[in-house]
Amino acid sequence: LIQDNTMMKDYLTYQMMNAFGVPSSLSSFVYITVNGEDWGLYLAVEGVEEAFLQRNYGNDYGELYKPDSMSFGGGRGNGRNFDRNALAEQDTVQPPSDTPPGEVDFGDFDPSARFAGGGGLSFGGGSDVKLQYIDDDPDSYSNIFSSAKTDISKSDEARLIASLKALSSYENLENVLDMDAVLRYFVVHNFVVNGDSYTGNMIHNYYLYEEDGRLSMIPWDYNLAFGTFIGGTATSSVNDAIDDVLSDRPMQAWIFSDASYTQQYHDLFADFLHTVDAAQIIHDAYALIGDYVKKDPTKFCTYEEFETGIQTLLSFCSLRRESVQGQLAGTIPSNSEAQNAQRDTQVNADNLDLSDMGTMSHGGMGGGPGGFDKTGRGDRMPLSVQDEAADDLGETNGAPSEPETPDSAESFPFKEQR
């Protein structure tokens, strides 16, 4: 729930991913007490690990990687070489030379003040995290193989490299991609406009799954989705072009390498808009957590700001749906260059303030009572307490009783505004 005044951007995205058939984490809201003391509302997210792989792919599952040149976040194994002290001492960065089409301007945000190069943390990532073929040497893919989540062999490395080679040249794609799974992933991913991802400047926050040479993507970390990562206007985010080609990201660019693939992507996007009801998911989540947010002593926004965030999220999803429908129908250009030349066709979202949902510069982290943890470090519950609480959630005597679900008109007092 970091940097999320809605308390549900991650939850909403995982719910939509699962509803649309994308292998993705299960998640549930939990209210934690420690020795009878309220620690507040958290989101429990299934780790992308062995149990996840068994649930989605069976006992004979394939290989799992989390390509990431930044080397922290995202489950077991990540962050093992991350040095916070080294990060604090570093203050320079080389920005990426090929900013993807449609990316928002960083504005006043200076990545060099926050994301420095070297020490396992870099801005923009390398060719391997972009899933480009480099050469046949496994050492050229250190950001992939060093972040393997399953035990891998030399033959596993060779097989993955061969798949990346075919992907980068757009050859034999039916045999090196689980096409339906990848297309479904990008449909939901592109709907929620997440710049903190494979399709953004950081090029991280995704898992790569490989089985018998076929590749697919597994989603991770959407607390800065819905246009709330860095800068940009609400109108530009709502109208984020669904057909921009990221030529240096072959896992995305292949969709536009053949008209038949693009049509499959469009057909699935239309199906998603027809079958997955974001507003209903928001409605149900609000009814579930509203009372807990109100009593949470560690929340990093007021209850009024939470309600404003929910209203903004609901409106964003409604306007985003309208824009994507227009892009699929051809009444709104589906690439950034044409949109910039025909701004009068865009869905107007000037009345939305995306920062109301919590952004990279607005919002914080939960913690113990008063916003501080028990060690005095501030902002976060101690990891040891988190682990113990997660293990004992079902046995915590101090957990509150389930709140009664009020009438829907009272529990969800919002309208889709424009």
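These exercises walk through strands and nonpolar cores in a predicted model.

**Exercise 1.** Find the strands that pair with strand 4, and say which way they run.

Solution.
- Start with strand 4 itself, residues 206-211.
- Look towards strand 3, residues 63-65: three bridges join it to strand 4, and the two run antiparallel.
- Now look towards strand 5, residues 214-219: six bridges join it to strand 4, again antiparallel.
- Take Glu 210 as a marker. It stands opposite Glu 63 and also opposite Leu 215 in strand 5.

**Exercise 2.** Describe the link between strand 4 and strand 5.

Solution.
- The two strands form a hairpin, with two residues between them.
- Check Asp 212 in the turn: its phi is positive, about 55 degrees.

**Exercise 3.** Is strand 4 mostly covered or uncovered?

Solution.
- Buried means under 20% relative accessible area.
- Five of the six residues in strand 4 are buried, so by that cut-off the strand is mostly covered.

**Exercise 4.** Explore the largest nonpolar core and its neighbour-rich residues.

Solution.
- The core holds 83 residues.
- Met 8, Met 16, Phe 226, Met 251, Trp 254 and Phe 272 touch the most other members.
- Helix 12, residues 303-329, gives the most to this core: nine residues.
- Zoom in on Met 251. Setting aside residues up to four places away in sequence, Met 251 touches, among others, Leu 131, Phe 186, Tyr 198, Leu 208 and Leu 215.
- Another core, of nine residues, lies apart from the largest one; Tyr 14, Val 48, Leu 53 and Ile 218 are among its members.
- In soluble globular proteins, nonpolar side chains tend to be buried together.

Technical notes. Residues numbered from 1 in each chain as written. Predicted model: local features only at pLDDT ≥ 70, side-chain atom pairs only at ≥ 80, totals over all residues. Heavy atoms only, no water. Buried < 20%, exposed > 50% of the residue type's maximum accessible area, 1.4 Å probe, protein only. Helix = DSSP H or I, 4+ residues; strand = E, 2+ residues; numbered from the N terminus. Pairing = 2+ DSSP bridges. Core = buried A, V, L, I, M, F, W, Y, C linked by side-chain atoms within 4.5 Å. Contact = heavy atoms within 4.5 Å.
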